[in-house]
Amino acid sequence: MNQPLRPERAPRTGLVLSGGAARGAYQAGVMRYIYRTLPRQLGFVPWPEVVSGTSVGALNGTFAVSRSEAQIVLLSRLWRRLRIPDVFVLHYGDVLAALRGRHRGRAGAALLDAGPLMRLVHEQFPQADVRRSIDSGLVRAFIVSATELNNGYNVLFVDSASDELGLSPLARSRVERTPIGPQEVLASAALPFLFPTVELRGRAYVDGGLRQNTPLRPVLHAGVDRVLLIGSHMEPDPGEVEVCAPVVPSLPFLAGKSLNALMSDPVERDLAQAARLNQILEWGAARFGPAFSAAASAELNLRPVQIHTVRPTEDLGRVAAQAYLHSPPADAPNLRWLLSLLADRQNAEGGESDLLSYLYFDRAFTEQLEDLGYSDAERQQEQLAAFFMGA
């Protein structure tokens, strides 16, 4: 097969990874296809210059920042072999203590002990590769979104070798320039109530998904030509009429739907604004000539941006329900009652279990998601090739 040559000036590409807890296994499959398989067609590895992530998207994003194929292989292997005890454990006494507002010496009240996740992230964080990529300028910026607990601000931790990178934070948002390590990504992934808060430089942080679950906007302001967005929710068919089946409004059902609503942040609005801006720039260039585009870029840092999204083609709540039904975990006996509650059997029979899909960190589920991410990206092979070639 004849491989196309890398374009003379490869487009500056950004990568945006949304939050979604256990659903992050889907992103690993997409990344495995893009950074390991697709390069055979492209003739080059389409590493991003700007990476932005929230929660599990920040965790996965570190492996893209590393620009290492070995790290992408490791990421895939971690998700495909994951077990719940690798992420959290449950102590019955801690549940009661958390409900009373204290947690046996750990900062913040939480229902789950996230110690295993903290150890895993510290052990697997590709520190040397991340520093090489950023300090050399190969990656212009790594952006991690978290929520400051005290004031509710959306905080963007930014790791960049350039002091001139302007991200134009919105009201009640701020940018903190800092080398990003395990603690910053753990702060972004600290699910409220479930995981303890993370203390950084005298401030407490929780999951970035509370304010910005899909941090697209800062990448649009970072001066890129292309943005690849990998989501964790199935994109609804606008032409499909949704049929609402009867449901039991159980606590797990309401919690799962609330998480879905929370995770459906203003990214659609950002996508619409980007499309509108592209229309204005195209109109200006057609009306006033190339000088309009040059001035918009030089004076306002505005340029057309092509955005491509990869999202699950299946309902991940439904996948979680079926995975638990057929392969309940056998190595976490003290979690059986919790998982049974999360599974929401009243609504999962032939249906979905959205809450479980966020916390089912078991390979019976995550291996399926990693495969789904790979196959969904593979189905978009031609579109992705054209996207990365700048066509």
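Two residues are said here to be in contact when they have heavy atoms within 4.5 Å of each other. The structure is a predicted model, in which local features need pLDDT of at least 70, side-chain atom pairs count only at pLDDT 80 or more, and totals for chains, interfaces and linings use all residues. Residues are numbered from 1 along each chain as its sequence is written, and side-chain values use heavy atoms, with hydrogens and water left out.

The overall picture comes first. The protein has 18 helices and 9 strands; helices (H or I, at least four residues) and strands (E, at least two) are DSSP runs, numbered from the N terminus. Of the 391 residues, 54% are buried, where buried means under 20% relative accessible area, exposed over 50%, and partly exposed in between, with a 1.4 Å probe and protein chains only. The protein exposes about 17,700 Å², and carbon and sulfur atoms supply 55% of that area; accessible areas come from the Shrake-Rupley method with a 1.4 Å probe, and for residues only the protein chains shown count as cover. Among contacts with a separation of 6 or more, 75% join residues 24 or more positions apart.

A good place to look inside is I230, in strand 8 (residues 226–230). I230 counts as buried because its relative accessibility is 0%. Beyond its neighbours within four places in sequence, I230 is in contact with L15, V16, L17, S18, Y26, Q27, V30, M31 and V310. I230 and A377 are 147 residues apart in sequence, and their C-alpha atoms are 9.9 Å apart in space.

The nonpolar cores come next. A nonpolar core is a set of buried Ala, Val, Leu, Ile, Met, Phe, Trp, Tyr and Cys residues joined through side-chain atoms within 4.5 Å. In soluble globular proteins, nonpolar side chains tend to be buried together. The largest core here has 82 residues, of which L228, F361 and L384 touch the most other members. Helix 1 (residues 24–37) gives the most to this core, with 8 residues. A second, separate core of 17 residues includes V50, V158, V219 and V227. Not counting residues up to four places away in sequence, L228 touches G14, L15, V16, I34, H308, V310, L384, F387 and F388.

Around the start of helix 3, two residues can be followed in turn. S55 sits in the loop between strand 2 (50–54) and helix 3 (56–65). With a relative accessible area of 4%, S55 is buried. Its contacts, neighbours within four places set aside, are G19, S145, S188, A189 and D207. V56 belongs to helix 3 and, at 5% relative accessibility, is buried. Outside its neighbours within four places in sequence, V56 is in contact with S18, G19, G20, A21, G24, Q27 and W79. From C-alpha to C-alpha, V56 and A25 are 8.9 Å apart, with their positions 31 residues apart in sequence counted as the separation.

Two arginines have backbone angles worth a look. R67, in the loop between helix 3 and helix 4 (69–80), has a phi near 55 degrees, a positive value in a residue other than glycine. R201 also has a positive phi, of about 50 degrees, although it is not a glycine. R201 is found in the loop between strand 6 (198–200) and strand 7 (203–207), and at 48% relative accessibility it counts as partly exposed. A204 lies in strand 7. Leaving aside neighbours within four places in sequence, A204 is in contact with T147, E148, L149, T197, V198 and E199. The C-alpha atoms of A204 and E148 are separated by 6.1 Å, although the two residues are 56 residues apart along the chain.

Finally, one pair of helices can be described by its geometry. The axes of helix 11 (residues 267–288) and helix 12 (residues 290–300) come within 6 Å and cross at roughly 135 degrees. Axes are lines fitted to C-alpha atoms, for helices over the stretch in contact, and angles run from 0 to 180 degrees between N-to-C directions. Helix 11 is therefore oblique to helix 12, since angles under 35 degrees count as roughly parallel, over 145 as roughly antiparallel, 65 to 115 as roughly perpendicular and the rest as oblique. I280, L281, G284, A285 and F288 in helix 11 meet P290, F292, S293 and A296 in helix 12. By class, this contact has 7 nonpolar, 2 polar and no charged residues; Ala, Val, Leu, Ile, Met, Phe, Trp, Tyr, Cys and Pro count as nonpolar, Asp, Glu, Lys and Arg as charged, and the others, Gly among them, as polar.
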